[in-house]
Amino acid sequence: MTSQKMNQKTKTSNEQKTYNFGAGPACLPEQVLTQIREDIPDWYDGMSIMEISHRLPAFMDLAQTIEADLRHLLRIPDDFAVLFMHGGARSQFSAVPLNLLDQAQTADYLDTGVWSEMAFNEAKKYCKPNEVASAKSNGYTRIPDEKEWSYSEKGLYFHYTDNETIQGLEFHTAPKRQNKWLIADMTSNILTKPIDFNQYGLIYASAQKNLGIAGITVVIVRKELLGKAHPMTPSMLDYSIYHQSQSLFNTPPMFCWYVLGLMVKWTQTLGDCEALKRLCEQKSSLIYDVIDSSDFYHNPVNKQHRSRINIPFRLPNETLESQFIQQAHSLGLKQLKGHKIVGGIRASVYNAMPMQGVNALVNFMQDFQKKHG
Ligand SMILES: Cc1ncc(COP(=O)(O)O)c(C=O)c1O
């Protein structure tokens with residue numbers, strides 16, 4: 001590491017606490033960072049996790065422990081396989097149709113924001129996806145009423161994004177299953193609530209939020225859906241191959257697996273999924289309360305569909321917004337800039353964001369409003 005980088009880090013930590021509100025890559029818990037620092041020089045037999053064979057029993061044990069811990073925490077039933085894949089959530093936009101279309105020429109997709117629209121567009125390479133409904137016409141401020149959704153007759157699955165990280169829309173209850181499996185992108189809200197797996201065919205989530213660091217994607221898939229991949233499916237996207245090889249078909253990103261393992265163990269210390277849900281609601285409602293009790297801050301999303309994890313909001317004008325971001329940054333409240341597609345501010349409160357961080361943001365919002373409102 002250059003001395004310049006080391007100096008920057010030392011300076012920040014001496015001056016004040018840093019709270020990272022970035023949407024992803026997101027903050028990691030202090031305990032996890034400390035453990036990583038301790039483990040790096042010698043994770044196994046004088047070597048780091050990045051230098052050993054993934055075929056060693058020590059790594060195989062780690063892989064089994066991660067799966068067991070994740071199964072326990074999320075209460076994943078035995079008829080689901082848990083896969084650890086490469087390529088981020090975006091590669092699942094291809095993997096899902098390639099593996100699950102099973103000769104069908106169509107599948108159902110709901111558009112509630114940037115990520116679900118991207119999944120829908122990617123699916124067009126493999127079939128003629130049916131857009132069940134779209135929130136585009138309401139500016140992605142509410143999830144279209146389920147009564148107005150129009151399903152295809154022949155599509156075997158229904159894909160939706162459980163939490164839209166950019167626009168800040170979230171399903172507070174899962175959509176009704178109808179006669180096809182729900183497939184959910186839970187990249188930004190996995191481990192924030194209990195999941196009723198009876199409704200789902202598959203859930204995927206890439207890691208750089210509640211599951212650790214970018215480079216690994218968790219896929220939880222109903223075993224009966226395996227083995228039907230299109231013959232052209234690249235092996236690296238084929239769920240059955242991952243299942244048969246315990247996700248060790250090729251060299252896995254071992255460091256990402258290891259961090260995932262630490263994250264799941266750390267998340268267990270917060271409690272079960274009900275406890276995670278309460279925590280997430282407590283944190284986000286503190287921020288929404290400030291927004292809703294003012295004319296200064298504004299969140300455009302229908303209250304029933306607001307994300308409990310990614311909270312976008314606007315100020316009266318862009319000049320104030322950039323002042324807000326700069327001043328927050330100088331106080332240690334980092335990465336609050338909204339996504340470039342929607343602008344404004346966005347506060348993400350993943351599990352690793354402590355309540356102190358949320359309180360610090362809320363206090364800053366109130367002070368800023370007093371000065372500029
Ligand atoms: C809901 C959602 N889906 C998909 C993605 C894309 O993930 P990745 O960058 O891992 O491909 C993101 C990224 O933030 C996301 O928030």
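Select strand β3 (residues 108-111) and β5: two bridges join these strands, which run parallel. Strands here are DSSP E runs of at least two residues, helices are H or I runs of at least four, and both are numbered from the N terminus; two strands pair if DSSP finds at least two bridges between them. Asp108 stands opposite Phe158 in β5.

This is a predicted model, in which local features need pLDDT of at least 70, side-chain atom pairs count only at pLDDT 80 or more, and totals for chains, interfaces and linings use all residues. Residues are numbered from 1 along each chain as its sequence is written.

Next, add strand β8 (residues 181-185), which runs parallel to β5 and is joined to it by five bridges. Tyr160 stands opposite Ala184 in β8.

Now keep β5 (residues 157-161) alone: five of its five residues are buried, meaning that 20 or more other C-beta atoms, placed from the backbone, lie within 10 Å of a residue's own. Tyr157, His159 and Thr161 point one way, Phe158 and Tyr160 the other.

Thr161 is also one of the residues around the ligand, along with Trp115, Asp185 and Ser206, among others; the criterion is a C-beta atom, placed from the backbone, within 6 Å. Select helix α4 (residues 88-100) for the largest share of this shell, three residues.

Finally, colour domain 1 (49-268) and domain 2 (272-372), with bounds from an automatic or database domain assignment. Their centres, taken over C-alpha atoms, are 27 Å apart. The contact takes 23 residues from domain 1 and 22 from domain 2, counting C-beta atoms, placed from the backbone, within 7 Å.

Key. Two residues are in contact if their C-beta atoms, placed from the backbone, lie within 7 Å. A residue is buried if 20 or more other C-beta atoms lie within 10 Å of its own, exposed if 12 or fewer, and partly exposed in between; C-beta atoms are placed from the backbone.
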